[in-house]
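Colleague: I am new to this structure. Please take one strand and its surroundings, look closely, and then show me how the rest is laid out.

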Amino acid sequence: MNQIEVIFNLNGRETKISCDPNKTLLDVLRNDLGLTGAKDACGGEGECGACTVIFNGKPVNSCLIFIGQVIGQNITTIEGLSLKGDYHPVQKAFVEAGAVQCGYCTPGAVIATKALLDRNPQPSDQEIRDGLSGNLCRCTGYNKIVDAVQLAAREYSNG
């Protein structure tokens, strides 16, 4: 099959890859670039949020994005959140609030939280629930995730 050359900004760095145009961003991240934080928990249906990345400032399911759509765009994955080797405040809040149980959905929820707080640093409980409605979790019961977002929001306002 024909390959396309894709150049995009990934986690603050220009990234260049040649690949099949029918690949999804999730496939390229995991299989070609070795970034395994985004997960496929719904078979590429866009139903679970485990593969969430930030695409030009907005959370998206990377399983629904064809690689050609990212040419010239900005993508942030969970691997791009570290701040000079330290965890991002959202990651710290998830740990402190106990919102990381099995961890499978956690990267997508953390990324969705970062995107939410970037556009609304002080969301209400309902705004948090709405903002993370596309991220499914079988372990936490969601209350700990909401607690984590509230904790991260306090950190954002203090930082």
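Modeller: Two strands count as paired if DSSP finds at least two bridges between them. Strands β3 and β5 reach that cut-off, since they are joined by two bridges. Their sense is antiparallel. One residue pair to look for is F55, which stands opposite I75 in β5. Keep in mind that this is a predicted model.

Let us stay with β3. The strand covers residues 52-55. It has another partner, strand β4, residues 58-61. Four bridges join β3 to β4, and these strands run antiparallel. Start at T52: its bridge partner in β4 is N61.

Now look at the side chains of β3. In a regular strand, side chains alternate between the two faces of the sheet. In β3, T52 and I54 point one way. V53 and F55 point the other way. What is the exposure of these residues, buried or exposed? T52, I54, V53 and F55 are all buried. Residues on both sides of this strand are thus covered.

Next, follow the chain out of β3. With two residues in between, β3 and β4 make a hairpin. N56 sits in that turn. Its phi is near 50°, which is positive, and N56 is not a glycine. The relative accessible area of N56 is 37%, so this residue is partly exposed. The turn residue therefore differs from the strand before it: N56 is partly exposed, while T52, V53, I54 and F55 are buried.

N11 also has a positive phi without being a glycine; the value is about 55°. N11 belongs to the loop between β1 (4-10) and β2 (13-19). With a relative accessibility of 25%, N11 is counted as partly exposed.

Go past β4 and you meet S62. This residue is in the loop between β4 and β5, where β5 is residues 74-76. How accessible is S62, buried or exposed? Its relative accessibility is 0%, so S62 counts as buried. Its contacts show what surrounds it. Apart from neighbours within four places in sequence, S62 touches T24, L25, L26, A38, C51 and V53. V53 brings us back to β3, where it is one of the buried residues.

Now step back to the strands β1 and β2. Here E5 and K16 form a salt bridge, 3.7 Å from N to O. E5 is in β1 and K16 in β2, so the pair ties together parts that are eleven residues apart in sequence. K16 is exposed, at 55% relative accessible area. E5 is partly exposed, at 46%.

Now for the wider layout. The domain assignment splits the protein chain into domain 1 (4-80) and domain 2 (82-157). The contact between them takes 18 residues from domain 1 and 14 residues from domain 2. The C-alpha centres of the two domains lie 20 Å apart. About 1200 Å² is buried between domain 1 and domain 2, and 63% of that is on carbon and sulfur atoms. How many salt bridges cross this interface? The count is zero.

Finish with the helices. Helix α2 is residues 89-96, and its buried residues are V90, Q91, A93 and F94. Viewed down the axis of α2, the buried residues fall within an arc of 160°, so they line one face of the helix. They pack against α3 (106-119) and α5 (143-158). V95 and E96 are exposed on the other side of α2. Just after the helix, G98 takes a positive phi of about 70°.

K92 and D86 make a salt bridge, with N to O at 3.1 Å. K92 is partly exposed, with 33% relative accessible area, and D86 is partly exposed too, with 37%.

In α3, the side chains of K114 and D118 meet in a salt bridge of 2.5 Å, N to O. These residues are four apart in the helix, so about one helical turn separates them. K114 is buried, with 17% relative accessible area, while D118 is partly exposed, at 44%. In the whole model, the count of salt bridges comes to four.

Notes:
Residues are numbered from 1 along each chain as its sequence is written. This is a predicted model: local features need pLDDT of at least 70, side-chain atom pairs count only at pLDDT 80 or more; totals for chains, interfaces and linings use all residues. Side-chain values use heavy atoms; hydrogens and water are left out. Buried means under 20% relative accessible area, exposed over 50%, partly exposed in between (1.4 Å probe, protein chains only). The arc is that of the directions from the helix axis to the C-beta atoms. Contact means heavy atoms within 4.5 Å. Domain bounds come from an automatic or database domain assignment. Buried area is the accessible area (1.4 Å probe) that two parts lose on being put together, summed over both.
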